[in-house]
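Student: Could we go through this protein together, slowly, with the terms explained as we go?

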Amino acid sequence: MAIGDNSQSHQSGDEPETDGFAATALASAEPYSDTEYFATALAASMQAQAAGDYGIAATLVIRGQDTELIGVGRNAVLSSRDPLGHAEINAIRAVQSALASQRTGRAQHARPWTGEVQLGSATGAVFFRPAPPGLPAHGIESLLYASLEPCPMCTVAIISSRIDRVVVATPDEHGGALAPERFARLPLAWSSLASQQGLVVDFASANSTAAPIPAKLAARLSQAFSSTKHARDAEVSQGVLMNGNIEAAIARLVT
């Protein structure tokens, strides 16, 4: 696994996030740029915030010779009562479900990319547009843009998916697993597999050469998480699946 620039120049701001900033950042971003994919993640993270979840989102990009798929996932752990409902998992699930549907005869269709992020379900959506020029012949390229450093569970899902490159906006010292010192603590099976696959990890910032993004966008992505962390942590500590409502839910299942 190759680890890129881990420098960070942003801090969480005090100004509340607005739809206007995310929309402007997305509209002004250069197509196919790291900034565009992170602006997409910011818009989805705001939807997560509004739903009462952690302000975390991820954008999964899969490029073929002619078409680019853009899978957008947001955190939905609490709103969906899903312990696995992390943003990266939901982005992967959205794309996997759309691709699997083509094999089962129950085809789902991606939506044309318009530069506006409206998730088709509570957790994710898949869009398409022409692939950028310059891709290797007969090659498939995959990239995941994570607003927060993926946790160990999501890191294993990324490796199992064989995603080529992960770009992270906000490091997570306490919960992340992709910074070099944290990745080294994963079980050897996963770090070895990532090395065999050639997984590339970059940390985005205004000063990064591998993944430069505007400082204000980086700060907003960080703030989307930090502004929700304390309250959401308190809720998760009470249990997502095994919570106080489970007895009533079980009773409804058997009546």
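Tutor: What follows is a short talk about the chain, its cores, one aspartate and two cysteines.

Tutor: This is a predicted model, in which local features need pLDDT of at least 70 and side-chain atom pairs count only at pLDDT 80 or more, while totals for chains, interfaces and linings use all residues. Residues are numbered from 1 along each chain as its sequence is written, and side-chain values use heavy atoms, with hydrogens and water left out.

Student: How many helices and strands are there in the protein chain?

Tutor: The protein chain has eight helices and eight strands, where helices (H or I, at least four residues) and strands (E, at least two) are DSSP runs numbered from the N terminus.

Student: And what percentage of the residues is buried?

Tutor: Buried residues account for 48% of the 255 residues in the protein chain; buried means under 20% relative accessible area, exposed over 50%, and partly exposed in between, with a 1.4 Å probe and protein chains only.

Student: Which residues of the largest nonpolar core touch the most other members?

Tutor: In that core of 33 residues, they are Leu 60, Leu 144, Ile 158, Ile 163, Val 166 and Leu 199. A nonpolar core is a set of buried Ala, Val, Leu, Ile, Met, Phe, Trp, Tyr and Cys residues joined through side-chain atoms within 4.5 Å.

Student: Which elements give two or more residues to this core?

Tutor: Those are strand S2 (57–63), helix H3 (87–104), helix H4 (152–161), strand S7 (165–168) and strand S8 (200–203), and H3 gives the most, with seven residues. Apart from this core lies another, of 30 residues, with Phe 21, Ala 43, Val 61 and Val 167 among them.

Student: New topic: is Asp 34 buried or exposed?

Tutor: Asp 34 is buried, with a relative accessible area of 12%, and it lies in helix H2 (residues 34–50).

Student: What does the side chain of Asp 34 make a polar contact with?

Tutor: The partner is the side chain of Tyr 145, at 2.7 Å. A polar contact is a pair of N or O atoms within 3.5 Å; within protein, one must be able to donate a hydrogen and the other to accept it, and residues adjacent in sequence count only if both atoms are side-chain atoms.

Student: Last thing, how many disulfides are there?

Tutor: The count is zero, a disulfide being a pair of cysteine sulfur atoms within 2.5 Å. For Cys 151, the nearest cysteine sulfur is that of Cys 154, 3.8 Å away.
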